[in-house]
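Here is a quick walk through one chain, going from its overall surface down to a few ring pairs. Have the viewer open while you read.

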Amino acid sequence: MQSGPDLFSPAEIDEVASPLSAAVAERDRDVLSMVRRSLERKDVLLAYQPVVSARQPSTIVFFEGLLRVLDDTGRIIPAREFISACEKTETGRLLDCLALEIGLQALARAPSLRLAINMSARSIGYSRWVKTLHAGLDGQPTVAERLIIEITESSTIVMPDVTHAFMEEMQLLGVSFALDDFGAGYTAFRYLRDFDFDIIKIAGEFIRGIHNDPDNQVLTQALVTIARQFEMFTVAESVESEQDAQLLTEMGIDCMQGYFFGVPTTRPSWPEFPRELLETG
């Protein structure tokens, strides 16, 4: 019997791969076209999900504003269906601009709100995004200290020098930074020495069902220890059960986010909560 690697010739593999690649490319083109039409109509909004204190789960520390895009029928397009297709294109930059614009407007309207907005590091050099950021901060003395910018782990290492300089500039104004999806496999740990992130958000793939997964318990505890070593605030993403929440609290997680504490909503009512900057430890 032939061994696995010899079952198909390179030519036969190409014949299989080419139609698949073409189908993926066609799907991405369709998604981009749909998102561009949504942008033209400005059918973009934020859904807000609470991030709570691990020690006092009834206390909301901040919210994350999650981008939502509506299709031609008004249906919300799940982010997983368009983020990867848009990430490296100008459409991705425009999505970042609108997310930031909506988030800054929310911060201006709600003086008690602390809000995290997602972005790709690729948007740092995009003039419209930079202008939107400075316009939202100018003349609003408390907005900077209530704004958290979440940068995806994968995009951080694409342009580390630019990201580092940008973070230093904004942190002087009071803006905080969160490293999203920490541990997902992209960022070399040495970058934690070079980047002064205020918050580390541990990827949901380690958190879901953690109470019943010894391997993820070890990995998550290691990530918490690393974050503590670098004096960074920790958030566990995708917490979906009481058992997971209890174990994460025992591990020393600072905050938690997930369906167990609240689903993202496009119609939030802002409760009052402390406006102090996050404190580590």
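## Surface and overall make-up

About 14400 Å² of the chain is exposed, and carbon and sulfur atoms supply 53% of that area. Keep in mind that this is a predicted model. Of the 281 residues, 46% count as buried.

In terms of secondary structure, the chain has 11 helices and nine strands. If you take the contacts with a separation of 6 or more, residues 24 or more positions apart account for 69% of them.

## Helix α7 and its buried side

Helix α7 covers residues 160–171, and its geometry checks out: at 1.5 Å a residue, 12 residues should span 16 Å, and the end C-alpha atoms are indeed 16 Å apart. The buried residues of α7 are Thr-163, Phe-166, Met-167 and Met-170. They cover an arc of only 100° around the axis, so they sit on the same side of α7.

What lies over these buried residues? The cover includes α4 (127–137), β5 (147–152), α6 (153–156) and β6 (176–182).

## Strand β7 between its partners

Strand β7 (residues 199–202) has Ile-199 and Lys-201 pointing one way and Ile-200 and Ile-202 the other way, and all of them are buried. Yes, that includes the lysine: Lys-201 is buried too.

On the β6 side, three bridges join β6 to β7, and the two run parallel. Ala-178 is the residue opposite Ile-199 in β7. Strand β8 (residues 233–236) is joined to β7 by four bridges, and this pairing is parallel as well. Here Lys-201 has Val-235 in β8 as its bridge partner.

## Aromatic pairs

A pair of aromatic rings is described by the distance of the centres and the angle of the planes. The chain has four aromatic pairs. In one of them, the rings of Phe-166 and Phe-177 have their centres 5.8 Å apart and their planes at 85°, so the pair is edge-to-face. Because Phe-166 lies in helix α7 and Phe-177 in strand β6, the pair ties together parts that are 11 residues apart in sequence. Both rings belong to buried residues: Phe-166 has 8% relative accessibility, and Phe-177 has a relative accessible area of 0%.

The rings of Phe-260 and Phe-261 also make a pair, with centres 5.0 Å apart and planes at 80°, so this one is edge-to-face too. Phe-260 is partly exposed, at a relative accessible area of 39%. Back at α7, Phe-166 and Phe-177 form one aromatic cluster together with Trp-129.

How values were computed:
Residues numbered from 1 in each chain as written. Predicted model: local features only at pLDDT ≥ 70, side-chain atom pairs only at ≥ 80, totals over all residues. Heavy atoms only, no water. Expected span 1.5 Å × (residues − 1). Buried < 20%, exposed > 50% of the residue type's maximum accessible area, 1.4 Å probe, protein only. Arc of directions from axis to C-beta. Contact = heavy atoms within 4.5 Å. Pairing = 2+ DSSP bridges. Areas by Shrake-Rupley, 256 points an atom, 1.4 Å probe, with all protein chains shown as cover. Phe/Tyr/Trp six-rings, centres within 6.5 Å; stacked < 30°, edge-to-face > 60°.
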